[in-house]
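Trainee: I should like to understand the terms used for this structure. May we go through them one by one?
Mentor: Certainly; let us look at it together.

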Amino acid sequence: MSARKDNTADRGLALVNALVLVAALSAVAVLLLQLAQGSRLRQVTTQEVTQATAYLDGLELLVISQLDADRARGPVDHLNEAWAKTGSADVPIDRGRGRYDITDLSGKFSLGWISGGDVLFGIEAYESLLAAAGLSADLGTEIREFASAQGPRDLQPYLQQTPPVRPRGGVEILPQLQQVSGMTPAAYARFAQLFTAVRTEGVVNVNTAPAAVLAAVLPELSASEVAGLVETRRDTPFESTEALHGELARLLGEEKSEEFDFSPYGVSSHWFGARISVTLGQTRLTRQVVLERSGETGKTKAIFRFAEN
C-alpha cells in the first residue's frame, strides 16, 4: 500500500517537473521570437531610413533644378513664378510620399542687418516687425543677443534648460533660435514667417517680401501705400529695379525721393529656403535647406541643412 502511494507521488512530481519545463521552454521560445521580430523590425526601419534619406536627397536636387530653371528664364523673381507656387507640392514615391515647399529668404528681414557691424534698416524696423508678429520687445532683445557674435549676456536661463544649452554666438540657420530663452513654438512660428538668419547682401526683394516686412523697411510709406504696393506687384510684378524705384519715387513724392536711398530695394533673389519631407512606411524624415543661387552663374547650391527629426 505504501509502495503504491510512493509511486503515485513520484509520478505526480515528474508531471509537475515536466509542466515546469514545458512552460520554461515556451517562455524561451516566445523570447526568441520577440528578439527575432525586433531584429527584423530594426532591419526594416534601418532600410526605410536609408531609402527615405535618399529620397530627401533626390527632392533637394529637384528643388535646385527648379530654381536653376527659373533663373535661366530671367533674373527677376516674384510670387507668380513656378517655384513660389509649389506650396507643399506632393511627389509620388514608392510606398510613400514626398513633399516640399520653397520660400524666398531674400524677401525676409535678415538678422544680419541688426546683429552685425552695419545696421541696414535700423533697430526701429526690427522692433516694428516684432510688434507686427505679436512678439515682445524683451524677446526681441534676447533674440538679438543670441544672434550676436558675443552671444547672450545672461547664460543662466540657457544652462537651466533640459538639456543645457551653451550659445556660442551667431546664428547660421533660423531653427537655432528655438533655443532662445522665452521662445515658444508659437512665437517661433510667427517669427520664422518674417525673418531669416541668412545675411542677404543688404537687399530685400520687394516682389516677394511679406507686407509686414515692406512696412518695416519702408516706414516712409503709409499703411495704405504699402497695401497698394502689394496689390500692384501681385497683378503686375516689377520686372526691373528701375520700374520698382520709379514706383517708390512716385509714392514718396519728389521731396522725399531726393534724399531717399533706393539701393536696398530690388526685384531679384539669391537666397531661398526649402522644407522637404518624406514619409515611407513607418518612417518620416524632414529636412530644412538653405540654398544660395549665384547672381553670376545662376546655379543653386545647398549651404546649410537641418534635420527636424
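Trainee: What makes helix 3 oblique to helix 4?
Mentor: In this predicted model, helix 3 and helix 4 (residues 137–147) pack at an angle of about 125°, and their axes are 10 Å apart. Angles of 65 to 115 degrees count as roughly perpendicular and those over 145 as roughly antiparallel. The angle of about 125° fits neither range, and therefore helix 3 is called oblique to helix 4. The crossing of these two helices is right-handed.

Trainee: Which residues of helix 3 and helix 4 meet?
Mentor: From helix 3 come I123, Y126 and L130, and from helix 4 come G140, I143 and R144. By class, this contact has four nonpolar residues, one polar and one charged.

Trainee: What makes one of these residues polar and one charged?
Mentor: Gly counts as polar and Arg as charged; G140 and R144 are among the residues in the contact.

Trainee: Why is the aromatic pair of F109 and F121 called tilted?
Mentor: By the rule for ring pairs, the count comes to 12 aromatic pairs. In the pair of F109 and F121, the centres are 6.5 Å apart and the planes are at 45°. Planes under 30 degrees apart count as stacked and those over 60 as edge-to-face, so an angle between these limits is tilted. The pair links distant parts of the chain, with F109 in strand 3 (residues 109–110) and F121 in the loop between helix 2 (112–115) and helix 3 (123–132), 12 residues apart.

Trainee: How do you know that F109 and F121 count as buried?
Mentor: Buried means under 20% relative accessible area. F109 has 0% and F121 has 17%, so F109 and F121 both count as buried.

Trainee: What makes the pair of F260 and F262 edge-to-face?
Mentor: Their planes are 75° apart, with 4.9 Å from centre to centre, and an angle over 60 degrees counts as edge-to-face. F260 and F262 are both buried. Ring pairs also join F260 and F262 to a cluster that includes F109, W113 and F121.

Trainee: Why is R95 called partly exposed?
Mentor: The relative accessible area of R95 is 49%. Exposed means over 50% and buried under 20%, so a value in between is partly exposed. R95 lies in the loop between strand 1 (89–93) and strand 2 (96–104), and its phi is positive, near 60°. Most residues other than glycine have a negative phi.

How values were computed
Residues are numbered from 1 along each chain as its sequence is written. This is a predicted model: local features need pLDDT of at least 70, side-chain atom pairs count only at pLDDT 80 or more; totals for chains, interfaces and linings use all residues. Side-chain values use heavy atoms; hydrogens and water are left out. Helices (H or I, at least four residues) and strands (E, at least two) are DSSP runs, numbered from the N terminus. Buried means under 20% relative accessible area, exposed over 50%, partly exposed in between (1.4 Å probe, protein chains only). Rings of Phe, Tyr and Trp (its six-membered ring) pair if their centres lie within 6.5 Å; planes under 30 degrees apart count as stacked, over 60 as edge-to-face and the rest as tilted. Axes are lines fitted to C-alpha atoms, for helices over the stretch in contact, and angles run from 0 to 180 degrees between N-to-C directions. Angles under 35 degrees count as roughly parallel, over 145 as roughly antiparallel, 65 to 115 as roughly perpendicular and the rest as oblique. A crossing is left-handed if the near helix is turned anticlockwise from the far one by less than a right angle, and right-handed if clockwise. Contact means heavy atoms within 4.5 Å.
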